[in-house]
Every structure is written in C-alpha cells, then in structure tokens.
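Please take a moment with the sequence and the structure below before reading on. The paragraphs that follow lead through a few places in turn.

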Amino acid sequence: MQKHTDFAEFTEITPTAGIDASRHGWRAKCLQRLIRIDLPVPKTVALPCDTVRAIAAGQLPDVERLAAMFDGVLVSVRPSPANPEWGGPGTVLNVGMNDEKHAQLARDHGQAFADATYLGFVQSYAIHVARLDPDMFAAEPSAKALADALAAYEDEMEETFPQSRARQITEVMRSMARAWEGTTARLLREAKGAPSDAALGLVVQEMAQRFGPGLAGEGSIQLIESVTGAPQVTGRFRGYNPADRKAEETLFLVRDPRGRSLEEAAGDVFSELKVHCANCRARLREEMQIEFALENGALKVIDAVRVPRSSRAAVRVAVALSKEGIISREDAILRVEPHALSELLHYQVDPRAPRERVVTGIAASPGAASGRIVFSAAAAQASAARDERCILVRRETAPEDIRGMHAAVAVLTERGGITSHAAVIARGLGLPCIVGASDISINARDKILTAKGGRTFREGDVITVDGTTGDVLAGQAEMLEPALDEWFTTLLHWADNVRDIGVRANADTPDDARTARMFEAEGIGLCRTEHMFFDEDRLTVMREMIFADTARDRKVALDRLLPMQRADFIALFDIMAGLPVCIRLFDPPLHEFLPHDREGMRELAEALDRPLSEVMRRVEALSEFNPMLGMRGVRIGVTVPEIYEMQARAIFEAAVEASRRGAAVVPEVMIPLVSAKREVELVKTRVDAVAAAVRNASGVDFDYRLGVMVETPRAALRAGEIAHHAAFLSFGTNDLTQMTYGLSRDDAGRFMGDYVQKGVYPEDPFHVLDEDGVGELLLIGSARGRQIRQDLTLSVCGEHGGNPASIAFCRRCGFDYVSCSPFRVPIARLAAAHFALRDQQEFAGNS
C-alpha cells in the first residue's frame, strides 16, 4: 500500500500562487513569471523539492488528484532544480497516453498521428522509466512498430503496458526523483557547482498537441545571436505532418531565400512571438529563449530559459540591458564573470565550426592559434623570418626558449603545470599555451610529435592550439577575432568606478607595456629585467660579462649593456607616461644564460675566442644542484655588485631622460629574493650612491622608491625590520608558494591533480592563493611591515595577482594593488569590482 505525504504536495502555477525558486526550482518560478506577463502558458502544476524527496523515499502525493487536475489531457513532466546549470533528468512527454487515448486520437486526427504519439511515449517510458534495453524500442512509427513495442514491454515486465494515467505519472515522477538522487547525477551536478544536498522540483504541464488542420509543430526563438550577442532573430520551427512524418519540414523563423519560414507561413504567430520575447527582455530583465508549440495554429509557450551565450555575447547583453535602463550598471558588472573576459581578449576557435581533437592538456594561457609545428626556438625564429606562423612544441621550456616563444603564435609542452615557465611567459606575452599534454611524445631529434593512439605529426604540419580549452586540434581551425569593442570597454570603465584596489601589469618589454596601457593598467607592478638580456645581440655581451675574470673586465661588458638597458627603460617610461613602473633588479642564476649542450658551448667558445675546455669548465662551475635556492636574486647583487649598479644607473638615467621628454617619472626599484635586513642595507647603500652620481652628472634632481620583493618565508616573518629600508613590499607569491610548500611549480603538475582530487590540497596552490599557509605569511608580513611604516605600499605581483579569489584576499588584507600579466588586467579589474559591489550589498543588507 502506497504511503501518502501530508504536506503541501503540489500547487497549480498561477500569477498569485506561492511559487518560490528555492522550494519549487527555477523552471517553476520562470513559468510563473511568464504567466504573470500574460504569455499563453498551458496549465502547469509545480511539485516542491520536499515532495520530490518524499517520492524518492516511497512517499507519494495524491496522484489521483494531480491527474484529475488535467481532465484527461496528456501531460509532460519536467525537472526544476534551483539552478538550470545543474541539469536534471530528461523530460518525459505525452504521459497519460494509453489505449483509450490512442483510439481517440486515431478517430479525431488520424491513425498515423495516434500511432506515432503512442509509440513515442511507449519508447520513452520503457527506456527512461522501466529502464529496458533501448535497442528493443528503436523502430520508426507504424502500427506494427507500436504493437511490437507494447508486446516487448509486456514480455520484459511480465505485465501489460500501464493504462492508468495516475500510475504513469507516479512511475515517471518516481523515476526522475530517484535518478536525481543517484551517485552519478550527484557527482555531475557537484562538478557544476551544486551543493551536495541540492534538491529537485518537478513541473507537470498540459501537452500542446501537434495536430491540424492549422499549422502545428514546435520550435524555439530568441532575439540575439548566441556567439556575438548582436540583435538577430534566431531559432527554428519544426512543422508536424501527422499523415507523413517524412514530409515534416523545418522552417526558418524569418524570411530566407533557402526555404520556407514561419514568418511567411504564420505571420501573426511570428509577430506574437517577437512581442513575447521583447516582453520577457523588459519584464524579466534578461534575454530569453522561448520554447513554443503550435496546436492547430494556436500558440502555446512551453518554457523559457536564459539564452545560452558566449562570453562576448554576455558582455554585450549586460551592457545593452543597462544602457536601455532595464538593469543597473552594478547589475551589469555582476552579470559577467571575470574569467569570461579571457575569451574576449584573444582569438578563439569558433564553437560553431567542426574540430578534430588530437590531445588535451592543461589550458595554461587562453586564446587559440594555428601554425606549423617547430621543435626549437631557432626554428621558430626562422619561421617568423619567413613570415610563417608556427607553434613551438617542447617537452618543457627554459629561459633560452623565450626568443622562440616571441616568434611563435602558440606554445605546446609535454610537461609542466599552470605556473610552469612556459605557462607564465605565455600569459605574459598573450600567447595561447597548453602545458602538461602528457599524452603526446616528442622526439626533438627526428622532429616528430606522436599523439595517443599513434598518430604522428612532423615539423611543418599544421595544428591548432586552443589555450582556452586545452585542446590540440589537427589542421587549421576557424577562428573568432578578439572582441575589444565598445561593450568590453564600457563594462570595464563601469568596473573601474566601483573597485577599491589598484591593478597594475607585469611587463618586461615595450610591447608588454603597450599591451598594459591598452588594457588600462595603472602602472607596471613588475618588470623582470633579465628577460631583456636574451636578445641575441645582448646575450653574447651577457656571456662575456659572466666569463670575465675580474671586476674591471665585468665592468667593461656591463658598460656595453648599460645603453641597451637605458634604452629599454626609456621606452617603458615613455609608454607608461608618468604611471608608476616597478623594476626588479636581476634575479636568475647566471648559468641560465649559458648553453648546456656541446654544440652551444662550441659556438660560445668561438664567440669568446676561448678554448672549449675552458668554456665547459666554467659552465660546470656555475651549474647548481638547486638553482632556485642558489646564487640568484639579491645574492648576486651582494656578491657581484657591478650588475645591480649598472642596472640602477640605467634606471636613473632613463628616468632623467624620460622626465625631460614628458611626465615626471618616479621609478620603483625592487630587490628580489631578500631574506635578511642586511642584504637590503648593502644594496640600498650602492643604489643610493649611484642615484647621487647620476644627479650630479645630469644636474637633475629626481625621486625614486626602493622596495623589496618578498619571496622567502623569512622575509615575510622579518618584514618589520626590512620595512625600515623599504618604501614598498611586493609579495612574489610564485616563489613564496614554492618555498612555503617545498614544491617546484614546474614539476608539481605531475601529481597536483591527484593531490587535489584526494583532498590533500583544496586547489592547486600555484593557481589559487593558499590563504591558510601562504596567505598567513602575507598577513604577517603586511602587519609587521606597516607596524613600522604606516605608509608602506603593499602589493602582490605573482601570477596570483590575476586570480579573482586571490584578489579578494588581497582586498581583505588591505593591499594597495595587485599586478598580473597584461592580458589578465581586465579580469583583475572586473573581479575587484565584483568584490567591492558584493561588500556594498552585504553592508546594505546588514544595515
């Protein structure tokens, strides 16, 4: 005997019914809104989440009463979760179809229509409710197919097909309720952000039947194009022919030379649909896609959902709705997710075009590009010289590959994680990049890339790298251009008006600086000077300096580098036009500038006119077991002070020259990898002396700010005493995370997925700032620093600076700005506005 629930079991949806999205789900609430704006919605009943949970547990509502509400007509049962993104069981149509209804439809609308309707329901019920083998119920509609399906059901279930409408409704609802509670369904919706206890509502709706003699069928309509967001009537209508299903046709909505349209076949209905869409837009404050049916020429609105859209369309729609006064600017800002902007900044693979996936890796830098495969930096440069687009494919990249990365249009590596060398540099350059593509094998000697399954690609073959999805595609894919249009610019200007934390860019070259200005960064928060030395004309001089035996010989080489560095900094200062520029002094170990293969060493020996054996000995002497913790950063500045002195002179002379030509420049000089106060004192003394010398030589007085890049846990813990000698502390969270965890960011990708999956870490700490560990060091360092110096400027300049969750943490900590790759600046600007607006909303709600 069935148990019945004794609470509010179900409610007919009317304009005044107590329908609540949290209890009845989004679909029920949306249908009520459609009814309130006078759309022709068929009778609909909503079952709340509590009722559906009870059904799954075996407690049934009064289904006889529910069936009686529809007075013998066929119904559909649809899922109604709280959020449409969570999915749900499939809709079941024509519930209530039985032998009696079949006979009635055959009498009124023809045997073919009746057979097709009944067979469709039997197939759906058998497969999705009774869970029978789909292959047994795959026949095309006919009287014989219907008889066979009913017989097959009876054989398998040992009972005739249910004839009771109430029983059919009961079994359909029970099946949908239990499917929602299943483990697979729960894991799938949790992956989409649903809480573990997310509930399901159901809606039972009167079916709109597809019969004539007037026009009959079903379709959907929306008023925008989903990829671009531009105004355009989009959708389809499938007309129904009960006498001959093969004669059914799909109509265009608007007049089209390729075939018939709904506008021509039923102009009044088409006009009515456009009015309904416009009303939804104005009254529901959203672009909606309406699902509709025609029953003998009469329009029925079955459902409406938010128009599926690309990120570029989302930006355009939000701004357009605000400009028309339908939503506020603040609402427009909050409707666009910060990460979505990545798709607007780069070329993207057109989602409407076919794609042949070869392999999938880690999407490390967004955007897409097609080009010919090359396996070395030299080959990439040669390809660029021929004006051929190329994809640089490496096991993993090293500093000497930077020139090749500049020449390539995208990068693909077999190894590495989200903060590996390739990923970080590619994001800075705005190059599409995929790393950690472990299903490929690279033979650099024979110049062959082998994909999983044995498919091979040789140098010169064309592939496409989709850094947004992580897919490597065969051949040249169709692309969408970047969308840096008025809608994009307007949204970000609105965001700038409400955010309360600064956003700068990491920029190492004039091209980077121009990109930063294009995205309206408020300055440069990190300029890594070592990247300037990898150009071919400078690399030789740099190597001469490294091989110098005395300080005097080093100075000779550095004097040749001085004008090059000065020109770099003048270009940066000119482009930034008075905005702050923070320049990090030389950081990497010297051996990174030396070749590591015998051929490279032989070429270096020729260039330096030294014996090969001497070059090999020097390279071996400079190599380190753990370069990350070795002779680098401030340690070079203390032990080889001539390098920092040259850089300081180049910075100050460039500041003097740029100030003469434009806005006054106050350069910021940053000391990397500090762990002790004395290191800062030693470097500061020399930098101050260089500044005094430049002032005397130029006759121009200028200001500058000296600060520290906090990358070691000890620097964060001793920030108070370091702050005595620093005007700012910039937390380099890439290295700080490595040293706090004892992890190499280049190698962590090999096991990080397992660690996150097994709950060791909640997220990859190189991708999302670890607030409990690394974050506590930031809190300690900022508090101790400002305790000594209240006007101390605080910032984050690692890759975390462009991550929205990390920006939220920096705001809470009272940091002045974040700095990130130029192409992440728009994301940071929008994310900062989101957090400011949510704080305002929370404050208003509590007041």
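Over which ring does the charged end of R504 sit? In this predicted model, the charged end of R504 is placed over the ring of Y817, at 3.9 Å from the centre of that ring. An arrangement of this kind also involves R189, whose charged end sits over the ring of W180, 3.8 Å from its centre.

Before going further, it helps to ask how far the model can be trusted. The pLDDT, which is the predictor's confidence in each residue on a scale from 0 to 100, averages 91 over the chain, and 98% of the residues score at least 70. Residues 1–7, however, have a pLDDT below 50, although this stretch has 16 contacts in the model beyond near neighbours in sequence. Where pLDDT is low, the predicted coordinates should not be read in detail.

With that caution in mind, we can turn to the aromatic rings. The structure holds 17 aromatic pairs, and one of them joins Y153 and F161, which meet edge-to-face with 5.1 Å from centre to centre and 70 degrees between the planes. Both Y153 and F161 are buried. The rings of F237 and F292 form another pair, with centres 5.9 Å apart and planes at 5 degrees, so this pair is stacked. Because F237 belongs to strand β9 (residues 231–239) and F292 to strand β11 (residues 288–295), the pair ties together parts that are 55 residues apart in sequence. As for their surroundings, F237 counts as buried because its relative accessibility is 0%, and F292 also counts as buried, with a relative accessibility of 1%.

The pair of Y153 and F161 can also be placed in a wider setting, since ring pairs link these two residues with Y118, F121 and Y125 into a cluster.

A last stop is Q123, which lies in helix α6, a helix that covers residues 111–129. Is Q123 buried or exposed? The relative accessible area of Q123 is 17%, and because buried means under 20%, Q123 counts as buried. Leaving aside residues up to four places away in sequence, Q123 touches F137, A138 and A139. With A139 there is also a polar approach to look for in the model, as a polar atom of the Q123 side chain lies 3.0 Å from the backbone oxygen of A139.

Methods:
Residues are numbered from 1 along each chain as its sequence is written. This is a predicted model: local features need pLDDT of at least 70, side-chain atom pairs count only at pLDDT 80 or more; totals for chains, interfaces and linings use all residues. Side-chain values use heavy atoms; hydrogens and water are left out. Helices (H or I, at least four residues) and strands (E, at least two) are DSSP runs, numbered from the N terminus. Buried means under 20% relative accessible area, exposed over 50%, partly exposed in between (1.4 Å probe, protein chains only). A polar contact is a pair of N or O atoms within 3.5 Å; within protein, one must be able to donate a hydrogen and the other to accept it, and residues adjacent in sequence count only if both atoms are side-chain atoms. Contact means heavy atoms within 4.5 Å. Rings of Phe, Tyr and Trp (its six-membered ring) pair if their centres lie within 6.5 Å; planes under 30 degrees apart count as stacked, over 60 as edge-to-face and the rest as tilted. A charge sits over a ring if NZ of Lys or CZ of Arg is within 6 Å of the ring centre and within 35 degrees of the ring normal.
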